[in-house]
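Work through the exercises below with the sequence and the structure open beside you. Try each task before reading the solution that follows.

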Amino acid sequence: MKKTHNINIGNSIIHIEEDAYEILTVYLNEVKQHFSKNADDFEIVTDIENRIAEMFAEKLSAQQKQVINVDDVQSVIQQMGSVKDFETSEESPEEQISGPEYNPIKKLYRDTDQAMVAGVCAGLGHYLDIEAKWVRLFTFLTMFIFGSGLLVYIIFWIMVPKAKTRIEKMEMRGEETNLKGFANSSLHPFAEQSRGFIAGFIQAMGEFLQGTGKVIFKIIVGSIVVFASFFLLGTIVALAAFLGFWNSDVHNYFPISMVNEEYLFAMTVAVFIVLIIPLLALILFSIRVGFNGRPINKVLSYGLLLIWLGAVVTGIYYVAKVSTEFKEGAEFAQTTPLKVHPVYSLNINMERFFTKEDSLNYRIDPARYKGRKILNSRDDDFNSPRSISFKIEKSTDGKVSLSTNFKSRGKTFEVALKNAQNIHYDFLQEGATLSFSPVLHIPKMSNWRGQEVELTLSIPVGTEVQISNEFYRYLKGGYNYWDCEREKGAEYTSWIMTDTGVKCKFEKEKKED
Amino acid sequence: MIAENTQTQMRKGILEYCVLLIISRGEIYASDIIAELKQAKLLVVEGTLYPLLTRLKNNGLLSYNWQESTSGPPRKYYMLTEDGKAILKQLDTTWQELAYAINTSKKVADQESKGPINQTES
């Protein structure tokens, strides 16, 4: 069984076998190219085509058959003469010498004959004149760079057509697609090409899937489409939120709070495009593979790829811009003297800072409040990086003081210092009880610039500090809190300042026991 | 190479004349022209004839009629125009002159070559 084509040549319809068709196409293209420098090329080529049609008709009726095969085409070509024959009897001798030169055009196809998966690497290998195994190695390695190799592979899989016909296979190899090239071609039309093991496996899989597994395959592809579509929808909703379609203060969340207001729109759109195009590609590809959808328009695919690359570049540009906002660092310290007590207790006091008014202002639900890393107004743990640190030091002059160090970064030193000065941090002394806020505040609508507060409590030797569990939870000081025994029922651990620094009271006593 | 080139040039020069001669006998189809030219060993393949016919037609030496064919598309049957006939007459004279020139040269050459060849043979 052979595939046949219907061609219209010289206004008559001829059935022609596929391999014969390819040879004829090549021949007619050569003829056209040959006569293209002639002013009457159209008429000449039409005459030739008419004559070929006539010869075909004669052959079909003489042999009582319906289809033209390779032998027929070859005998017709022999009778009509090849382009080389035309050259020797050409009108002007100068042109003969130059003759038409064939610069074999290489085209990118997927080489499914030597495929490991879909023939993308093998095809690229032909195109770039590199052995396929190196392309494969490169692709494999780049898969570990955020899966970019995989993504690119899939994009190529979608966009690059498979080399189906002999001409396409020859174009893929950069062989001449004229009759001479046909003779020289390393390809044998009907010889089965050797396949890689994996490609063979995948083909076998494909055959299996065409049978019983088809349903399973469709379900898998279908669920990929559904999930990807949900994700796509989510991305669109997120975009809407980011662009402020409703009054969301999403820009106060930590990673986004870094981005300057004026960059936010462009950056959001860029990130959106970077996310959405591969998703779209995945969905379209899945539909194409799973449900025999139409191949994606090439112009559209390349257009999307270009837009995607553009968005990546835009994103990188803004990331770079934002990162310059962190160039310089500045800090300033503020020392508050405290009344001397033999024992201090350190507490976290949230109520103090989150009055009803605050809650309204910042949209905070104090009941749900449990964050220790919050800058401004939200109540999730992940909103901002850890921004308050606490330590206890020995005081040499017998006085007790709390020094607060405000740190920030900014584009210039001045900006950084201003950012540091804008940090608002509260603590309160009530007798021997020191109450600290678990968060620092920066003015609403300002950006996160690495604002930090370092608290240093200086106490003389012998002073005891009781650190409440809650305090420790929010303001870790680098002490082995859990190694320190608590008195039964106590909500705090006791620490004592010694000559060599602060020590756990009960751990120390235990050792003495 | 030089011999080949000269042969090609000579054939080409004569080809046009021969084609006009063949057509001058009456309306004729391109592949019949080819058949005759092949007999005369002036042309091997059909493809070369079409550009020539087209050129002659465009120069006003030929015209053609479409005629239905039992096998395949309608055929172009070529014939000479008045211009073509006039040109053919001119070519006839030229050819006679050429034939005369060649024959004369050949006779002289033959006589000259016969001498030395005979000498070596004897």
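**Exercise 1: A salt bridge within chain A**

At 23% relative accessibility, Lys407(A) counts as partly exposed. The model in which this residue is examined is a predicted one.

Task: Find the residue with which Lys407(A) forms a salt bridge, and work out which parts of chain A the pair ties together.

Solution. Begin with the partner, which is Glu454(A), the closest N and O atoms of the pair being 3.1 Å apart. Since a salt bridge requires a side-chain nitrogen of Lys or Arg within 4 Å of a carboxyl oxygen of Asp or Glu, the pair qualifies at 3.1 Å. Next, place the two residues: Lys407(A) belongs to strand S7 (residues 400–410) and Glu454(A) to strand S10 (residues 452–459), so the bridge ties together parts of chain A that are 47 residues apart in sequence. Finally, consider the surroundings of the partner, for Glu454(A) is also partly exposed, with a relative accessibility of 22%.

**Exercise 2: A salt bridge within chain B**

Task: Describe the salt bridge between Glu16(B) and Arg55(B), and decide whether each of the two residues is buried or exposed, or in between.

Solution. The side chains of these two residues meet with an N to O distance of 2.8 Å. Glu16(B) sits in helix H1 of chain B and Arg55(B) in helix H3 of chain B, so that the pair links distant parts of the chain, 39 residues apart. As buried means under 20% relative accessible area and exposed means over 50%, Glu16(B), at 28%, is partly exposed, and Arg55(B), at 27%, is partly exposed as well.

**Exercise 3: A salt bridge between chains**

Task: Locate the salt bridge between Glu46(B) and Arg51(A), and find which residues are joined with them in one network.

Solution. The two side chains meet at 2.7 Å, taken from N to O. The pair crosses between chains, running from Glu46(B), in the loop between H2 and H3 of chain B, to Arg51(A), in helix H2 of chain A. Both ends turn out to be buried, Glu46(B) with a relative accessible area of 1% and Arg51(A) with one of 5%. Through salt bridges that share partners, Arg51(A), Glu54(A), Glu58(A), Glu46(B) and Arg75(B) are joined into one network. Between chain B and chain A the count is 6 salt bridges, and another salt bridge to look at is that of Asp47(A) with Lys76(B), at 2.6 Å from N to O.

**Exercise 4: The contact between the chains**

Task: How many residues does each chain give to the contact, and how much area is buried between the chains?

Solution. Chain B gives 26 residues and chain A gives 27. Together the chains bury about 2,000 Å² between them, of which 50% is on carbon and sulfur atoms. On the side of chain B, the residues that lose the most area to chain A are Lys12(B), Tyr50(B) and Pro73(B), which together make up 25% of what that side buries.

**Exercise 5: The nonpolar core**

Task: Which helix of chain A gives the most to the largest nonpolar core, and which residues does Leu37(B) touch?

Solution. The largest core has 52 residues, and those with the most contacts inside it include Ile52(A), Val73(A) and Leu37(B). Helix H2 (residues 41–62) of chain A gives the most to this core, with 8 residues. Leaving aside residues up to four places away in sequence, Leu37(B) touches Leu15(B), Cys18(B), Val19(B), Ile22(B), Leu42(B), Leu43(B) and Leu49(B).

How values were computed
Residues numbered from 1 in each chain as written. Chains lettered and ligands numbered in written order. Predicted model: local features only at pLDDT ≥ 70, side-chain atom pairs only at ≥ 80, totals over all residues. Heavy atoms only, no water. Core = buried A, V, L, I, M, F, W, Y, C linked by side-chain atoms within 4.5 Å. Buried < 20%, exposed > 50% of the residue type's maximum accessible area, 1.4 Å probe, protein only. Helix = DSSP H or I, 4+ residues; strand = E, 2+ residues; numbered from the N terminus. Contact = heavy atoms within 4.5 Å. Buried area = accessible area lost by both parts, 1.4 Å probe.
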